[in-house]
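Reader: Pick one charged spot in this model and zoom right in on it, please. Once that's clear, work outward from there to the rings and the open space, and keep it casual.

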Amino acid sequence: MSLRLSTVILPHRRWHEGGRTAWQRAEQLGFHTAYTYDHLSWRVPFRDGPWFGAVPTLTAAAAVTERLRLGTLVTSPNFRHPVTLAKELISLDDISGGRITLGIGAGGTGFDATALGQEPWTPRERANRFAEFVPLLDRLLTEDEVSYGGDFYSAHEARNIPGCVQRPRLPFAIAATGPRGLKLAARYGQAWVTTGDPRLYENGTPEQSVQAMRGQAENLADACAATGRNTTDMDKILLTGFTPDRGRPLESLDAFVDFAGRHRELGFTEIVIHWPIPDTVFAADEKVFEQIAMEAPAQLG
């Protein structure tokens, strides 16, 4: 399988002041998918600046593109409920003509975790909620009517007609590294997402990062085997920018091809790079970024 190249466009620009242009340019450059973050706000320096909602942004992007796949990296239960999220996703999949991928993870302890006035969930509670959220969302996107009563989420005669354009539903790309999350990915995911091992970001080496992701991929394979599934039928997505390499892969075409090639050997089928944002951790030369977008896929085969 050839390695696909995708991008993340953060929702920090007004639509008519560069937002629209970025999504259209992503399609022109030939990216496989353009994702966006699904947060209420994000870390500094974005925390106190403009930040727009993921679903409206993707809806607008769907209206101004034709071929580009669109999605979230990632949505989480932090401020979402499966019933309302399913309705939005079915609508978005319809508007886009079946071009939506839902990246979904367990959430974290950042601003999203407290924006609704609650205390941050413990790691165990996040895992418990995620284990209930994903199966219920799967049902809501594949069944016309769902009733369910769980420890955290409920649905009463929730109707989702006509369902997704993509059948049996739009694909889930499940972000996970722990045993429980990987089990969910193995059972419900059409793709698996990782950013690497966050413990290595500050002081680790690229070699240690590759080794850590090799271990994650092996754990995913074990989780798939336990469900009777072959891991080769899942896409493996690497969201870059959070490994010890940081921004170095975007310094030149050769640097990126080397980085992507090393990770393709681990079984990754899709590499996601951030759209350049000056004066942030995602700063990059736009000309080099566009060169990578246009020329790297052919070199990677």
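Author: Let's start at Asp 258, which is partly exposed, with a relative accessible area of 46%. Before going further, keep in mind that this is a predicted model. The partner of Asp 258 is Arg 262: the two form a salt bridge whose closest N and O atoms are 3.3 Å apart. Both residues belong to helix H7, and because they are four residues apart there, about one helical turn separates them.

Arg 262 has a second acidic partner to look at. Its salt bridge with Asp 245 has closest N and O atoms 3.9 Å apart, and that counts because the cut-off for a salt bridge is 4 Å. Asp 245 is in the loop between strand S9 (235-239) and H7, while Arg 262 is in H7 itself, so this pair ties together parts that are 17 residues apart in sequence. How buried or exposed are the two ends? Arg 262 comes out as partly exposed at 28% relative accessibility, whereas Asp 245, at 4%, counts as buried. The line between those classes is at 20% relative accessible area.

Now step back to the other charges. Searching the whole structure turns up 15 salt bridges. One of them joins Glu 290 to Arg 25, with 2.8 Å between the closest N and O atoms. Glu 290 sits in helix H8 (residues 286-300) and Arg 25 in helix H1 (residues 19-28), so this contact ties together parts that are 265 residues apart in sequence. Both ends are partly exposed: Glu 290 has a relative accessible area of 21%, and Arg 25 has a relative accessibility of 25%.

Arginines also meet rings here. The charged end of Arg 246 is over the ring of Tyr 201, 4.2 Å from its centre. Arg 169 does likewise with Phe 172, its charged end being 3.6 Å from the ring centre.

That brings us to rings meeting rings. There are ten aromatic pairs in the structure. Phe 46 and Trp 51 make up one of them, in an edge-to-face arrangement with 5.9 Å from centre to centre and 65 degrees between the planes. Phe 46 and Trp 51 are both buried. They also belong to one aromatic cluster, together with Tyr 37, Trp 42, Phe 242 and Phe 282.

For a stacked example, go to Trp 192 and Phe 268, where the centres are 5.9 Å apart and the planes differ by 20 degrees. Trp 192 is in strand S8 (residues 191-194), and Phe 268 is in the loop that runs between helix H7 (253-264) and strand S10 (270-274), so the pair ties together parts 76 residues apart in sequence. That loop follows the helix we began with. Both rings, Trp 192 and Phe 268, are buried.

Strand S8 also leads us to the open space, since S8 supplies at least two residues of the lining of the largest pocket, as do strand S3 (69-75), helix H4 (123-142) and helix H5 (179-188). The volume of this pocket is about 1,600 Å³. Its lining has 47 residues, and those nearest the centre are Gly 107, Gly 108, Ala 175, Thr 195 and Pro 198. Sorted by type, the lining residues are 23 nonpolar, 17 polar and seven charged.

The second largest pocket holds about 170 Å³ of space. Its lining has 15 residues, with Arg 13, Arg 14, Trp 15, Phe 52 and Thr 57 closest to the centre. By type they are eight nonpolar, five polar and two charged. Helix H2 (54-63) and H1 each give at least two residues to this lining, and H1 gives the most, with three. H1 is familiar by now: it is the helix that carries Arg 25, the salt-bridge partner of Glu 290.

Note on methods
Residues are numbered from 1 along each chain as its sequence is written. This is a predicted model: local features need pLDDT of at least 70, side-chain atom pairs count only at pLDDT 80 or more; totals for chains, interfaces and linings use all residues. Side-chain values use heavy atoms; hydrogens and water are left out. Rings of Phe, Tyr and Trp (its six-membered ring) pair if their centres lie within 6.5 Å; planes under 30 degrees apart count as stacked, over 60 as edge-to-face and the rest as tilted. Buried means under 20% relative accessible area, exposed over 50%, partly exposed in between (1.4 Å probe, protein chains only). A charge sits over a ring if NZ of Lys or CZ of Arg is within 6 Å of the ring centre and within 35 degrees of the ring normal. A salt bridge is a side-chain nitrogen of Lys or Arg within 4 Å of a carboxyl oxygen of Asp or Glu. On a 1 Å grid over the protein atoms alone, a cavity is a set of points where a 1.4 Å probe fits but cannot get out, and a pocket is an open set with protein on both sides within 12 Å along at least five of seven lines; lining residues have an atom within 4 Å of a point. Grid points are joined across faces, edges and corners, and a volume is the space filled by probe spheres set on the points. Ala, Val, Leu, Ile, Met, Phe, Trp, Tyr, Cys and Pro count as nonpolar, Asp, Glu, Lys and Arg as charged, and the others, Gly among them, as polar.
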